[in-house]
Amino acid sequence: MATRRSALRGSVRQSGFTLVELMVVVALIGVLSMIASPSFSTFIASQRVRSASYELSNTMVFSRSEAIKRNADVTVSPVDATSGWRAGWNVTAVQGADTVTLATQAAFASLDISPTPAVALVFSRTGRPSTSQSFEVSSSSVLSATRCVTLPLSGVPRVKNGACS
(Lines give C-alpha, C1' and ligand atoms only; values in the text may rest on other atoms or scores of the structure.)
Protein backbone atom coordinates (compact mmCIF):
# COMPACT_ATOMS: atom_id res chain seq x y z
CA MET A 1 0.00 0.00 0.00
CA ALA A 2 2.81 2.34 0.81
CA THR A 3 4.14 2.10 -2.70
CA ARG A 4 0.79 3.05 -4.21
CA ARG A 5 0.49 6.22 -2.13
CA SER A 6 3.95 7.38 -3.07
CA ALA A 7 3.23 6.63 -6.69
CA LEU A 8 0.02 8.71 -6.57
CA ARG A 9 1.72 11.60 -4.88
CA GLY A 10 4.40 11.72 -7.50
CA SER A 11 1.93 11.73 -10.40
CA VAL A 12 -0.24 14.59 -9.08
CA ARG A 13 0.98 17.84 -10.51
CA GLN A 14 -0.12 21.19 -9.08
CA SER A 15 -0.60 24.18 -11.37
CA GLY A 16 -1.22 27.90 -10.73
CA PHE A 17 0.60 31.13 -10.09
CA THR A 18 2.91 31.91 -7.25
CA LEU A 19 2.39 34.90 -5.02
CA VAL A 20 5.48 36.59 -6.47
CA GLU A 21 4.16 36.25 -10.03
CA LEU A 22 0.81 37.74 -9.06
CA MET A 23 2.46 40.70 -7.29
CA VAL A 24 4.60 41.45 -10.37
CA VAL A 25 1.50 41.50 -12.59
CA VAL A 26 -0.37 43.78 -10.16
CA ALA A 27 2.60 46.16 -10.03
CA LEU A 28 2.80 46.30 -13.84
CA ILE A 29 -0.93 47.05 -14.13
CA GLY A 30 -0.53 49.84 -11.56
CA VAL A 31 2.35 51.44 -13.47
CA LEU A 32 0.51 51.27 -16.80
CA SER A 33 -2.65 52.79 -15.33
CA MET A 34 -0.64 55.68 -13.85
CA ILE A 35 0.83 56.38 -17.28
CA ALA A 36 -2.57 56.26 -19.02
CA SER A 37 -4.66 58.28 -16.55
CA PRO A 38 -3.64 61.84 -17.64
CA SER A 39 -4.46 61.15 -21.29
CA PHE A 40 -7.68 59.43 -20.27
CA SER A 41 -8.87 62.49 -18.32
CA THR A 42 -8.16 64.66 -21.38
CA PHE A 43 -10.14 62.21 -23.50
CA ILE A 44 -13.11 62.34 -21.11
CA ALA A 45 -13.09 66.16 -21.06
CA SER A 46 -13.00 66.37 -24.86
CA GLN A 47 -15.88 63.88 -25.11
CA ARG A 48 -17.95 65.97 -22.69
CA VAL A 49 -17.36 69.04 -24.85
CA ARG A 50 -18.28 67.11 -27.97
CA SER A 51 -21.44 65.74 -26.35
CA ALA A 52 -22.56 69.17 -25.12
CA SER A 53 -21.97 70.78 -28.51
CA TYR A 54 -24.01 68.10 -30.27
CA GLU A 55 -26.78 68.40 -27.69
CA LEU A 56 -26.94 72.13 -28.35
CA SER A 57 -26.95 71.58 -32.10
CA ASN A 58 -29.64 68.88 -31.85
CA THR A 59 -31.77 71.18 -29.71
CA MET A 60 -31.60 73.86 -32.40
CA VAL A 61 -32.59 71.38 -35.12
CA PHE A 62 -35.45 70.12 -32.93
CA SER A 63 -36.65 73.68 -32.21
CA ARG A 64 -36.56 74.62 -35.86
CA SER A 65 -38.51 71.49 -36.76
CA GLU A 66 -41.11 72.13 -34.04
CA ALA A 67 -41.56 75.75 -35.15
CA ILE A 68 -42.30 74.64 -38.71
CA LYS A 69 -44.51 71.74 -37.61
CA ARG A 70 -46.57 73.83 -35.15
CA ASN A 71 -46.60 76.94 -37.37
CA ALA A 72 -45.72 78.92 -34.24
CA ASP A 73 -42.72 80.53 -32.59
CA VAL A 74 -40.52 78.19 -30.53
CA THR A 75 -38.14 79.60 -27.92
CA VAL A 76 -34.87 78.11 -26.68
CA SER A 77 -33.90 79.79 -23.43
CA PRO A 78 -31.42 79.06 -20.65
CA VAL A 79 -32.85 77.55 -17.47
CA ASP A 80 -31.06 80.19 -15.39
CA ALA A 81 -30.19 83.49 -17.06
CA THR A 82 -27.41 84.32 -14.58
CA SER A 83 -25.61 80.96 -14.97
CA GLY A 84 -26.03 81.03 -18.72
CA TRP A 85 -26.30 78.12 -21.12
CA ARG A 86 -24.19 75.73 -19.06
CA ALA A 87 -27.01 75.47 -16.51
CA GLY A 88 -29.16 73.82 -19.21
CA TRP A 89 -31.97 75.09 -21.39
CA ASN A 90 -35.68 74.75 -22.12
CA VAL A 91 -37.51 74.57 -25.43
CA THR A 92 -40.96 76.12 -25.18
CA ALA A 93 -43.82 77.00 -27.50
CA VAL A 94 -46.97 79.03 -27.01
CA GLN A 95 -50.06 76.96 -27.65
CA GLY A 96 -53.21 79.03 -27.29
CA ALA A 97 -52.95 80.78 -23.93
CA ASP A 98 -50.52 78.19 -22.49
CA THR A 99 -46.76 77.89 -22.72
CA VAL A 100 -45.78 74.27 -23.36
CA THR A 101 -42.32 72.93 -22.52
CA LEU A 102 -41.23 70.70 -25.41
CA ALA A 103 -37.79 69.70 -24.13
CA THR A 104 -35.42 70.35 -21.25
CA GLN A 105 -31.66 69.89 -21.17
CA ALA A 106 -29.91 69.30 -17.83
CA ALA A 107 -26.87 71.26 -16.71
CA PHE A 108 -23.39 70.39 -17.95
CA ALA A 109 -20.89 70.05 -15.11
CA SER A 110 -17.39 71.50 -15.56
CA LEU A 111 -18.19 73.00 -18.97
CA ASP A 112 -18.38 76.60 -20.10
CA ILE A 113 -20.88 77.56 -22.78
CA SER A 114 -20.71 81.13 -23.99
CA PRO A 115 -22.16 83.66 -24.76
CA THR A 116 -22.84 84.96 -21.31
CA PRO A 117 -25.21 86.72 -20.67
CA ALA A 118 -27.46 84.20 -22.29
CA VAL A 119 -30.12 85.52 -24.65
CA ALA A 120 -33.07 83.36 -25.68
CA LEU A 121 -33.32 82.18 -29.27
CA VAL A 122 -36.69 82.39 -30.99
CA PHE A 123 -37.39 80.28 -34.07
CA SER A 124 -40.20 81.73 -36.16
CA ARG A 125 -42.89 79.63 -37.81
CA THR A 126 -40.73 79.56 -40.95
CA GLY A 127 -37.92 77.86 -39.02
CA ARG A 128 -35.59 80.82 -39.05
CA PRO A 129 -34.01 82.13 -35.83
CA SER A 130 -34.54 85.71 -34.70
CA THR A 131 -30.76 86.34 -34.70
CA SER A 132 -27.64 84.49 -35.72
CA GLN A 133 -25.65 83.24 -32.76
CA SER A 134 -22.39 81.45 -31.99
CA PHE A 135 -21.87 79.26 -28.95
CA GLU A 136 -18.43 78.29 -27.72
CA VAL A 137 -18.39 75.09 -25.68
CA SER A 138 -15.20 74.49 -23.71
CA SER A 139 -13.94 72.50 -20.78
CA SER A 140 -12.86 74.28 -17.63
CA SER A 141 -10.25 71.58 -16.96
CA VAL A 142 -8.73 71.02 -20.43
CA LEU A 143 -8.03 74.13 -22.46
CA SER A 144 -7.57 72.34 -25.79
CA ALA A 145 -11.11 70.91 -25.77
CA THR A 146 -13.21 73.61 -27.47
CA ARG A 147 -15.97 73.43 -30.06
CA CYS A 148 -18.01 76.11 -31.78
CA VAL A 149 -21.72 75.80 -32.57
CA THR A 150 -22.84 78.42 -35.09
CA LEU A 151 -26.47 79.18 -35.84
CA PRO A 152 -26.79 81.32 -38.99
CA LEU A 153 -30.01 83.01 -40.07
CA SER A 154 -30.84 79.98 -42.23
CA GLY A 155 -31.54 78.08 -39.00
CA VAL A 156 -29.27 75.11 -39.72
CA PRO A 157 -26.58 74.82 -37.00
CA ARG A 158 -22.98 73.90 -37.72
CA VAL A 159 -20.46 72.41 -35.28
CA LYS A 160 -16.71 72.74 -35.73
CA ASN A 161 -13.58 72.08 -33.68
CA GLY A 162 -11.85 75.04 -32.09
CA ALA A 163 -12.94 78.41 -30.84
CA CYS A 164 -15.49 80.63 -32.57
CA SER A 165 -13.87 83.36 -34.61
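**Exercise 1. The disulfide**

Task: State the handedness of the link of Cys148 and Cys164 from the angle about its S-S bond, then place both cysteines in the chain.

Solution.
- Step 1. The link of Cys148 and Cys164 is right-handed, with 110 degrees about the S-S bond. The model is predicted, and this angle is computed from it.
- Step 2. Check the bond itself. The S to S distance between Cys148 and Cys164 is 2.0 Å. The cut-off for a disulfide is 2.5 Å. The count by this rule is one disulfide.
- Step 3. Locate the ends. Cys148 sits in strand β7 (residues 146-151), and Cys164 in the segment after β8 (158-161), so the disulfide ties together parts that are 16 residues apart in sequence.
- Step 4. Compare accessibility with the cut-offs. Buried means under 20% and exposed over 50%. Cys148 has 2% relative accessibility, so Cys148 is buried. Cys164 has a relative accessible area of 22%, so Cys164 is partly exposed.

**Exercise 2. The four-stranded sheet**

Task: Give the strand order of the open sheet of four strands, find its edges, and say what packs on the sheet.

Solution.
- Step 1. The order is β3-β2-β1-β5, and the pairing is antiparallel.
- Step 2. Look for strands with a single partner. These are β3 (98-105) and β5 (121-123), so each has one side without a neighbour in the sheet.
- Step 3. Add the twist. From one strand to the next, the average is 30 degrees.
- Step 4. Take one pair in detail. Strand β1 (residues 74-80) and strand β2 (residues 84-95) form six bridges in the antiparallel sense. Opposite Asp80 stands Gly84 in β2.
- Step 5. Add the helix. α2 packs on the sheet and touches β1, β2, β3 and β5. The direction of α2 makes about 10 degrees with that of β2.

**Exercise 3. Thr59 on the helix**

Task: Find the helix that holds Thr59, decide whether Thr59 is buried or exposed, and list its contacts beyond four places in sequence.

Solution.
- Step 1. Thr59 belongs to helix α2 (residues 19-70).
- Step 2. The relative accessibility of Thr59 is 11%, so Thr59 counts as buried.
- Step 3. Leave out residues up to four places away in sequence. Thr59 then touches Val76, Trp89 and Val91.
- Step 4. Pick out the polar contact. The side chains of Thr59 and Trp89 make one at 3.0 Å.

**Exercise 4. Aromatic rings**

Task: Classify the ring pair of Trp89 and Phe108 by its plane angle, then name the cluster linked by ring pairs.

Solution.
- Step 1. The structure has three aromatic pairs.
- Step 2. Take Trp89 and Phe108. Their ring centres are 5.8 Å apart and their planes meet at 40 degrees, so the pair is tilted.
- Step 3. Map the pair onto the chain. Trp89 is in strand β2 and Phe108 in the loop between β3 and β4 (111-114), 19 residues apart.
- Step 4. Check burial. Both Trp89 and Phe108 are buried.
- Step 5. Follow the ring pairs. Trp85, Trp89, Phe108 and Phe135 are linked into a cluster.

**Exercise 5. Strand β4 and the peptide after it**

Task: Sort the β4 side chains by face, find the bridge partner of Ser114 in β6, and describe the peptide bond between Ser114 and Pro115.

Solution.
- Step 1. Recall the general pattern. Side chains in a regular strand alternate between the two faces of the sheet.
- Step 2. Apply the pattern to β4. Leu111 and Ile113 point to one face and are buried. Asp112 and Ser114 point to the other face and are not buried.
- Step 3. Find the pairing. β4 and strand β6 (residues 133-139) share four bridges in the antiparallel sense. Ser114 has Glu136 as its bridge partner in β6.
- Step 4. Move to the next peptide. The bond joining Ser114 and Pro115 is cis, with omega about 20 degrees. Pro115 lies in the loop between β4 and β5.

**Exercise 6. Positive phi without glycine**

Task: Place Asn71 and Ser110 in the chain, and state the accessibility class of Asn71 and of Ser110.

Solution.
- Step 1. Asn71 is not a glycine, yet its phi is positive, about 55 degrees. Asn71 is in the loop between α2 and β1. Its relative accessibility is 49%, so Asn71 is partly exposed.
- Step 2. Ser110 is not a glycine either, and its phi is positive at about 60 degrees. Ser110 is in the loop between β3 and β4. With a relative accessible area of 33%, Ser110 is partly exposed.

Note on methods:
Residues numbered from 1 in each chain as written. Predicted model: local features only at pLDDT ≥ 70, side-chain atom pairs only at ≥ 80, totals over all residues. Heavy atoms only, no water. Helix = DSSP H or I, 4+ residues; strand = E, 2+ residues; numbered from the N terminus. Buried < 20%, exposed > 50% of the residue type's maximum accessible area, 1.4 Å probe, protein only. Polar contact = N/O pair within 3.5 Å; in protein donor to acceptor, adjacent residues only side chain to side chain. Contact = heavy atoms within 4.5 Å. Pairing = 2+ DSSP bridges. Axes fitted to C-alpha atoms, helices over the stretch in contact; angles between N-to-C directions. Phe/Tyr/Trp six-rings, centres within 6.5 Å; stacked < 30°, edge-to-face > 60°.
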